[in-house]
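Work through the exercises below with the model open. Each task is followed by a stepwise solution.

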Amino acid sequence: MMQLFMPLNFLGFVYREIRGALANIERMFSLLDRQPLINDLPTATTPSITKGALKFEGVSFSYGERQILKAIDFELKPGQKVAIVGDSGAGKSTIVKLLFRFYDTNQGSIFIDGHDISAMTQDALRSAIAIVPQDTVLFNDSLLENIRYANPNASDEEVNAAIEMAHLSAFVKQLELGWHTKVGERGLKLSGGEKQRVAIARAILKGSPLLIFDEATSSLDSHSEKAILTALKEMTQGHTSLVIAHRLSTIVDADQILVLSKGSIVERGTHDELIIQQGLYQKLWTVQHQQS
Ligand code: ATP
């Protein structure tokens, strides 16, 4: 019986994961590097998350023996924008992975609207968060369907508003078939910047209270960069948002900037406060401005 139970149990798991993943492509791809697997507690709750307030309290995390995050503490109040900057490998994406609960913390807790994320269902957690990932996956379908999938129940007006806000309209007007143009492997190839704007439209349409923007590391042409910057500003306006930034010009308006170095927050403050401190942020800022 046990011999039968294990494979059946595993198949059941795979089925549940695939079904869930189809509803959320970001989740499907994140599953690929999701180890160990996290299961909902039998007592997991589905609290109503409306503000997206976020709190990391003493969060430490290791991949195996290697400690990546050390005693991370920060708070993101409703409507605020918090940015995380730091060298490559500092642990920025790991913070987002813990927030999505691809891994559990080793120490400390993460709260959304005051609810410990380890005590809620993963579905409840993930519907509370919309992410614009670094690399956006597009289906072999029309541009419109690629955006609408984020919220199949959205009205045409809502889809159009998201498209406008993501600054995609001008780009689409140049296409012969407009919104019905097929994209993906066998269709139109979008640039990195255009893809990221599709992801912005999806995130807006998903309508989650907490927005995560993971800025692409790859360089964009200046037109794409400007369009993304404007779209990002509009998207985060009045929304609770966490931005992982590589270009500091993206986050000068953030309510709080956290500077991460080797897994610890070494500086925090607004852009102006951090420039005055003349620490790591000021150095990063100077280097980026010499390059541009
Ligand atoms: P970047 O700016 O280059 O995206 P980051 O600050 O986001 O970097 P993370 O991706 O959080 O950095 O990685 C932090 C460290 O953890 C890196 O040294 C990385 O090699 C390591 N790391 C990331 N994912 C894993 C994993 N699945 N297993 C083991 N180590 C990992």
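**Exercise 1. The chain as a whole**

Task: Describe how contacts, burial and secondary structure are distributed in this predicted model.

Solution:
- Start with contacts. Of those in the protein chain between residues at least 6 apart in sequence, 72% join residues at least 24 apart.
- Turn to burial. The chain has 292 residues, and 34% of them are buried.
- Add the secondary structure. The protein chain holds 11 helices and 10 strands.

**Exercise 2. Confidence**

Task: Find which element has the lowest mean pLDDT and which the highest.

Solution:
- Take the averages. Mean pLDDT for the protein chain is 84, and 84% of the residues score at least 70.
- Rank the elements. Helix α2 (residues 25-31) is lowest, with a mean of 47, while β4 is highest at 98.
- Check residues 1-10. Their pLDDT is below 50, and the stretch has 0 contacts in the model beyond near neighbours in sequence.
- Check residues 15-25. Here too pLDDT stays under 50, but the model has 8 contacts beyond four places in sequence.
- Note the global scores. ipTM is 0.97 and pTM is 0.83.

**Exercise 3. Helix α3**

Task: Which residues of α3 are buried, and what covers them?

Solution:
- List the buried positions in α3 (residues 92-99). They are Lys92, Thr94, Ile95, Leu98 and Leu99.
- Look down the axis of α3. The buried residues fall within an arc of 165°, so they line one face of the helix.
- Identify the cover. It includes the strands β1 (54-63), β2 (66-76), β3 (81-86), β4 (107-112), β8 (240-244) and β9 (256-261).
- Move past the helix. Arg101 follows α3 and has a positive phi, near 60°.

**Exercise 4. The ligand shell**

Task: How many residues surround the ligand, and which element gives the most to the shell?

Solution:
- Count the shell. It has 11 residues, the closest being Tyr63, Ser88, Lys92, Ser93 and Thr94.
- Assign the main contributor. α3 gives the most, with 3 residues.
- Sort by class. The shell has 3 nonpolar, 6 polar and 2 charged residues.

**Exercise 5. Tyr149**

Task: Where is Tyr149 found, and how exposed is Tyr149?

Solution:
- Locate the residue. Tyr149 is in the loop between α5 (143-148) and α6 (156-165).
- Apply the cut-offs. Buried needs 20 or more other C-beta atoms within 10 Å, and exposed needs 12 or fewer. Tyr149 has 18, so Tyr149 is partly exposed.
- Find a partner distant in sequence. Leu205 is 56 residues from Tyr149 in sequence, yet their C-alpha atoms are 9.1 Å apart.

Definitions and conventions. Residues are numbered from 1 along each chain as its sequence is written. This is a predicted model: local features need pLDDT of at least 70, side-chain atom pairs count only at pLDDT 80 or more; totals for chains, interfaces and linings use all residues. Helices (H or I, at least four residues) and strands (E, at least two) are DSSP runs, numbered from the N terminus. The arc is that of the directions from the helix axis to the C-beta atoms. Two residues are in contact if their C-beta atoms, placed from the backbone, lie within 7 Å. A residue is near a molecule or strand if its C-beta atom, placed from the backbone, lies within 6 Å of it. Ala, Val, Leu, Ile, Met, Phe, Trp, Tyr, Cys and Pro count as nonpolar, Asp, Glu, Lys and Arg as charged, and the others, Gly among them, as polar. pLDDT is the predictor's confidence in each residue, from 0 to 100.
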